[in-house]
Amino acid sequence: ARRDAGHGGARARAEALAPDDGAGVVRGAGRDASRTHLRGRDSKGRSGITKTLIHNCLLLDAERGNATPGSSVLVEGGRIAAASSGPIDAPDATRIDAGGRTVMPGLIDAHVHATITTMNLAAMAGKPASLVAQEARHILERMLARGFTSVRDAGGADWGLAAAVDRGLVRGPRIFYAGRTLSQTGGHGDH
């Protein structure tokens with residue numbers, strides 16, 4: 001039976017499947033590569049919200065604690081529109097055969113520091129912001145490749161890095177940022 005994938009308040013983001021790495025692992029988990037791909041042309045050349053149908057997948061429902069083989073997931077405009085234990089009729093969608101691989105909601109890491117690129121915090125103070133941003137880009141790309149589609153940056157990242165991800169300039173998870181790092185005098189954030 002078809003159900004809303006947002007069931008239970010989970011706000012799952014669409015996952016774009018990339019080529020198999022040879023070990024049966026599909027790489028490139030993440031937000032349809034970037035939000036810039038959410039609007040475009042469908043398989044018939046019409047403009048509007050893109051639709052992707054992922055079929056023949058093992059659908060993980062972490063809330064219920066089960067995985068259902070032979071499932072389908074319909075993604076519209078970067079959001080899961082429908083999930084089913086069987087086929088979904090979507091003739092205008094781009095089709096991806098998951099080959100029985102697992103499809104699951106994106107992971108959320110609730111404590112990251114994307115802009116702390118070295119453990120030498122005194123050295124961080126002397127780095128130009130442009131270099132830190134490029135180093136953070138690599139960190140965010142690796143987070144996304146591990147399946148994290150949202151992160152809460154507990155200190156360091158700012159609205160600019162979050163906007164770069166939202167605009168598709170940096171391929172990474174959605175960032176909820178706290179701003180500057182706060183700590184007690186003499187603590188690990190005091191430099």
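## Helix 2 and its length

Let's start with helix 2, residues 129-145: at 1.5 Å a residue, its 17 residues should span 24 Å, and the end C-alpha atoms are indeed 24 Å apart, so the two values agree. Looking down the axis of helix 2, you find its buried residues within an arc of 135°, so they line one face of the helix. Those buried residues are Val-132, Ala-136, Ile-139, Leu-140, Met-143 and Leu-144.

What do the buried residues of helix 2 pack against? Two of the partners are helices, namely helix 1 (121-125) and helix 3 (159-166), and the others are strand 8 (107-112), strand 9 (148-153) and strand 10 (174-177). Just after helix 2 comes Gly-147, with a positive phi near 100°.

## The whole chain

Keep in mind that this is a predicted model. The protein has 3 helices and 10 strands, and from the N terminus the elements go β-β-β-β-β-β-β-β-α-α-β-α-β. In other words, eight strands come before helix 1, and the pattern then goes on with two helices, a strand, a helix and a strand.

Of the 191 residues in the protein, 36% are buried. The accessible surface is about 10800 Å², with 54% of that belonging to carbon and sulfur atoms. As for contacts, if you take those between residues at least 6 apart in sequence, 58% join residues at least 24 apart.

## The parallel sheet under helix 2

Strands 8, 9 and 10 make an open sheet in the order 8-9-10, with parallel pairing. Strand 8 and strand 10 are the edge strands, each pairing on one side only. From one strand to the next, the twist averages 20°. Helix 2 packs on this sheet and touches strand 8, strand 9 and strand 10, with its direction making about 135° with that of strand 9.

Zooming in on one pairing, strand 8 and strand 9 run parallel and are joined by 4 bridges. One residue pair to look for is Leu-107 with its bridge partner Phe-148 in strand 9.

## Tyr-177 in strand 10

Tyr-177 sits in strand 10. Is Tyr-177 buried or partly exposed? Its relative accessible area is 41%, so Tyr-177 counts as partly exposed.

Tyr-177 also brings together stretches that are apart in sequence: Ala-154 is 23 residues away along the chain, yet the two C-alpha atoms are 6.5 Å apart in space. Setting aside neighbours within four places in sequence, Tyr-177 is in contact with Asp-153, Ala-157, Asp-158, Trp-159 and Ala-162. Of these contacts, Trp-159 and Ala-162 fall in helix 3, which covers 159-166.

## Strand 3 and its partners

Now for strand 3, residues 51-61. As a reminder, strands of a sheet pair through backbone hydrogen bonds, either parallel or antiparallel. Strand 3 runs antiparallel to strand 4, and 9 bridges join the two. In that pairing, Leu-60 has Ala-67 of strand 4 as its bridge partner. The hairpin of strand 3 and strand 4 has 4 residues between the strands, and Gly-65 there takes a positive phi near 75°.

Strand 3 has parallel partners too. With strand 6 (residues 94-97), strand 3 pairs in the parallel sense over 4 bridges, and Thr-52 stands opposite Thr-94 of strand 6. Strand 7 (residues 102-103) also runs parallel to strand 3, joined by 2 bridges, with Leu-58 opposite Thr-102.

## A positive phi at Asn-56

Which residue has a positive phi although it is not a glycine? That would be Asn-56, with a phi of about 60°. Asn-56 lies within strand 3. With a relative accessible area of 34%, Asn-56 is partly exposed.

## The hairpin of strands 4 and 5

Strand 4 (residues 66-76) also pairs with strand 5 (residues 79-84), and here 5 bridges join the two in an antiparallel arrangement. If you want a residue pair to find in the model, Ser-72 stands opposite Ser-84 in strand 5.

This hairpin has 2 residues between the strands, and Gly-77 takes a positive phi near 60°.

Methods. Residues numbered from 1 in each chain as written. Predicted model: local features only at pLDDT ≥ 70, side-chain atom pairs only at ≥ 80, totals over all residues. Heavy atoms only, no water. Buried < 20%, exposed > 50% of the residue type's maximum accessible area, 1.4 Å probe, protein only. Contact = heavy atoms within 4.5 Å. Areas by Shrake-Rupley, 256 points an atom, 1.4 Å probe, with all protein chains shown as cover. Expected span 1.5 Å × (residues − 1). Arc of directions from axis to C-beta. Pairing = 2+ DSSP bridges. Axes fitted to C-alpha atoms, helices over the stretch in contact; angles between N-to-C directions.
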